[in-house]
Amino acid sequence: MDIDELIELVNLHGKSIYGFCYKLTGNKDDTDDLYQETFLKAVELRLKIDASHNPKAFLLSIAIRLHKNHRRKFAWRQRIAPIAELDEETANKPGSLSSEATPEDEVLSLELRTMIQDAAHRLDDKLKLPLYMYYTADMTVEEIASALRIPTGTVKSRLHNARKTMRKVLEVDSP
């Protein structure tokens, strides 16, 4: 695959890959870094990308590997020299109010969205990754299985278990 074809892949799948990176990292700065590193790595590996064998899954698997490497390095650094966490503003800022929605509706919607994101964030990576790939990257079960190199039945099972776990967490957290 040449650079022009890779640019076409960025144009075609860039938004969904960026959204997936955001779900993995949880903030804009880390998302931008992961997104950029993903495509830099794709440039290095462009000769291995086969346009006929689901290049989106290949790009997402690059993002997953890079994210896991960053987390592993961060955990290693934390063991060696822990740093204090700084409070960051959450990325969940309320959107502009629509003409039909009341401020109360906006607050409830934001609260529900935050609860769902927190429940998903608490999941183990084995459950979280297929869930994010399915809902944020709009990948099919087969594409997820290909990207994660696991059977389709395992993907279906993990999606089911992720939904079930989130349902339990949301039932406990809700009033």
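## A tour starting at R149

Select R149 first: this residue sits in the loop between α6 and α7 (152-173). Helices here are DSSP runs of H or I with at least four residues, strands are runs of E with at least two, and both are numbered from the N terminus. You are looking at a predicted model, where local features need pLDDT of at least 70, side-chain atom pairs count only at pLDDT 80 or more, and totals for chains, interfaces and linings use all residues. Residues are numbered from 1 along each chain as its sequence is written, and side-chain values use heavy atoms, with hydrogens and water left out.

**Two loop residues with positive phi**

Stay on R149. Its phi is positive, about 60°, although R149 is not a glycine. Most residues other than glycine have a negative phi. R149 counts as exposed, because its relative accessibility is 67%. The classes are buried (under 20% relative accessible area), exposed (over 50%) and partly exposed (in between), with a 1.4 Å probe and protein chains only.

Now go to D138. It lies in the loop between α5 and α6. Phi of D138 is near 50°, another positive value in a residue other than glycine. D138 is exposed, since its relative accessible area is 59%.

**Zoom out**

Show the whole chain as a cartoon. It has 7 helices and 0 strands. Along the sequence the pattern reads α-α-α-α-α-α-α. Of the 175 residues, 32% count as buried.

**Helix α5**

Select α5 (125-135). This helix is mostly covered, with 8 of its 11 residues buried. The buried ones are D125, L127, K128, L129, P130, L131, Y132 and M133.

Pick M133, which lies in α5. M133 is buried because its relative accessible area is 0%. Draw a distance from its C-alpha atom to that of I144: 6.7 Å separates them, and the two residues are 11 apart along the chain.

**The second largest pocket**

Next, select I64, K68, L129, A147 and L148. They surround a pocket, the second largest, with about 210 Å³ of space. Of the 13 residues that line this pocket, those five are the closest to its centre. A pocket is found on a 1 Å grid over the protein atoms alone: it is an open set of points with protein on both sides within 12 Å along at least five of seven lines, and lining residues have an atom within 4 Å of a point. Its volume is the space filled by probe spheres set on the points, which are joined across faces, edges and corners.

Colour α3 (55-80), α5 and α6 (141-148): each supplies at least two lining residues. The lining divides into 6 nonpolar, 1 polar and 6 charged residues. Nonpolar means Ala, Val, Leu, Ile, Met, Phe, Trp, Tyr, Cys and Pro; charged means Asp, Glu, Lys and Arg; the others, Gly among them, are polar.

**Helix α2**

Move to E37 in α2 (residues 28-44). E37 is partly exposed because its relative accessible area is 28%. Its C-alpha atom and that of H67 are 9.8 Å apart, with these positions 30 residues apart along the chain.

**Last stop: I3**

Finish at I3, in helix α1 (residues 3-25). I3 is partly exposed, since its relative accessible area is 37%. Add I7 and V43 to the selection. With I3 they form a nonpolar surface patch of about 220 Å² accessible area together. Accessible areas come from the Shrake-Rupley method with a 1.4 Å probe, and only the protein chains shown count as cover for residues. Patch residues have over 30% relative accessible area and no salt bridge, and nonpolar side chains (Val, Leu, Ile, Met, Phe, Trp, Tyr) are joined within 5 Å, like charges within 9 Å. A salt bridge is a side-chain nitrogen of Lys or Arg within 4 Å of a carboxyl oxygen of Asp or Glu.

Methods: On a 1 Å grid over the protein atoms alone, a cavity is a set of points where a 1.4 Å probe fits but cannot get out, and a pocket is an open set with protein on both sides within 12 Å along at least five of seven lines; lining residues have an atom within 4 Å of a point.
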